[in-house]
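Hi,

Here is the structure I said I would pass on. Have a look at it first, and my notes follow underneath.

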Amino acid sequence: MSGKSKNSDTSNTPALSRRRLLSTAGAAGATGLVLGAAGGATGYAATRDEAPAALTTVGSTEVMFHGKHQPGITTPLQASGHLIAFDLAPGAGRKQAAALMRRWSAVAQRLMSGEPTEGAADGPGHDTGVALDAGPSSLTVTFGFGATFFERTGLTAHRPPGLDPLPPFSSDHLDAGRSNGDLWVQIGADDALVAFHALRAVQKEAASTATVRWQMNGFNRTPGATAKPMTARNLMGQIDGTGNPKPTDDDFATRVFVPGGQDPAYDWLTGGSYAVVRRIRMLLDDWEKLPVERQERVIGRRKADGAPLSGGTETTAMDLDKAGPDGKPLIPDNAHARISSPERNSGAAMLRRPFSYHDGISRDGTPDAGLLFICWQADPLRGFVPVQRKLDRGDALSPFIRHEASGLFAVPGGAAAGEYVGQRLLES
Ligand SMILES: C=CC1=C(C)c2cc3[nH]c(cc4nc(cc5[nH]c(cc1n2)c(C)c5CCC(=O)O)C(CCC(=O)O)=C4C)c(C)c3C=C
Ligand SMILES: [Fe+2]
């Protein structure tokens, strides 16, 4: 696995990075927990010359930048994530946006392969050194365009209908300042410093072309923290992601990626996808007061192992018709998993790929924590929108969550070698 892409859609020959060759972080891989314990308490300082050793799988795993689809969509969840949205600066139009996408793509490619950025010491491309000792660590950088990007760049004829604004939902408590944006970048990595390094590089390259509109930070479980790989848990403690479409499903690609052969005006989006981003706060003080059996009825699945309340294991299909001895359905009528299931939504499905977030404690003492819900689909009107409409009308989870920010972005297909992301739109 070492040095190989985990993303089959973007897999390619792995590059041996300079950073990896110079790395002394391999010592962490070799000594593992010992370094973890000592390093954590006292910091680590080499006391004698130590031969560089191979990086662990976590550090050395590289996801390819070039490919049919952008990385960060089917890539396994990473431990650390940053979302950042930009607005084009006054006076910046199509030409400046194209130059920015070219710069961002070059930076993303270098960082994802474990190389530092390149640039003059006093320029935006100057590497900050934050990730110097680390390998690629499954870094992905994914770029998207919001509806307003097309007006700003004079490309409204190429704005796809899938970018029409999301409808309002009764449960929305949206903060406009933390919603939408001309450009959106999703960064994920299995090392927090590698992810932060990429965030700074992306922000600095935006230079005078685009200004930050909002930025959010998230996390997931660290690879290796569980005895076996498993579906992630969220901050409510639930196993979250079980019902996701699987890359092995026959209809996976048609559900998640925009097909070719549509209106030529939107050809640039072939192989791309739409990302719906929602910052959903969890009202954890209320949730944690519920006994586990009630929590399980809210979702319709068991907390310990994610199995449906109709029986079986996590991977057993939910039996929505199965009733208990009292004649009532074992998976309650308002259970979140029932209401959101494709079976109850004319097949509507999406690939959920979230990060958890914790932004500290609010003045009232409650944690500002929840889910940076990101879902991917070929068409939001056949993915997020119908499902959220239905959830909005009677989901048992609703009293325990609050949608606080929202974004919808068209994410172009992956860049071919020698191309930058979005080139097919910006040079159409
Ligand atoms: C509109 C889409 C969805 C929002 C918003 C949403 C928020 C949300 N969900 C959980 C926790 C769980 N969701 C689960 C399943 C599930 N959720 C959605 C959609 C939205 N969730 C779908 C399509 C599904 C899959 C349904 C199916 O096919 O069975 C589950 C069960 C496990 C799983 O399948 O992933 C949990 C748990 C939270 C906490 C949350 C907002 C904070
Ligand atoms: Fe859900």
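**What I found**

Of the 428 residues in the protein chain, 50% are buried. Bear in mind that this is a predicted model. The chain has 13 helices and nine strands. If you take the contacts between residues at least 6 apart in sequence, 78% of them join residues at least 24 apart. The accessible surface of the chain is about 19300 Å², and carbon and sulfur atoms account for 54% of that surface.

**The two annotated stretches**

UniProt has two domain annotations here, both from an unreviewed entry. Residues 70–220 carry the feature "domain: Dyp-type peroxidase N-terminal". That stretch is 26% helix and 21% strand, with 20 Å between its end C-alpha atoms. Residues 231–415 are listed by UniProt as "domain: Dyp-type peroxidase C-terminal". Over 231–415 the figures are 17% helix and 22% strand, and the end C-alpha atoms sit 30 Å apart.

**Around ligand 1**

This is the part I spent my time on. Which residues come closest to ligand 1? They are Gly-241, Thr-242, Gly-243, His-336 and Arg-352, out of 29 residues that surround the ligand.

Three of the polar contacts are worth pulling up on screen, each made to an oxygen atom of ligand 1:

- Gly-241 uses a polar backbone atom, at 2.5 Å.
- Thr-242 also uses the backbone, with an N or O atom at 3.0 Å.
- Arg-352 uses its side chain, where a polar atom lies 2.9 Å away.

As for how covered the ligand is, ligand 1 exposes 790 Å² when taken alone, and the protein buries 97% of that.

By class, the shell around ligand 1 is made up of 16 nonpolar, ten polar and three charged residues. Several elements put at least two residues each into this shell. The strands among them are strand 5 (273–282), strand 8 (367–377) and strand 9 (401–411), and the helices are helix 11 (336–339) and helix 12 (384–392). Which element gives the most? That would be helix 12, with four residues.

If you open just one view, I would go for ligand 1 with Gly-241, Thr-242 and Arg-352 shown, since that takes in the contacts listed above.

Cheers

Technical notes
Residues numbered from 1 in each chain as written. Chains lettered and ligands numbered in written order. Predicted model: local features only at pLDDT ≥ 70, side-chain atom pairs only at ≥ 80, totals over all residues. Heavy atoms only, no water. UniProt positions renumbered as here; feature names shortened; annotations may be inferred. Near = heavy atom within 4 Å. Polar contact = N/O pair within 3.5 Å; in protein donor to acceptor, adjacent residues only side chain to side chain. Areas by Shrake-Rupley, 256 points an atom, 1.4 Å probe, with all protein chains shown as cover. Nonpolar A, V, L, I, M, F, W, Y, C, P; charged D, E, K, R; others polar. Buried < 20%, exposed > 50% of the residue type's maximum accessible area, 1.4 Å probe, protein only. Contact = heavy atoms within 4.5 Å.
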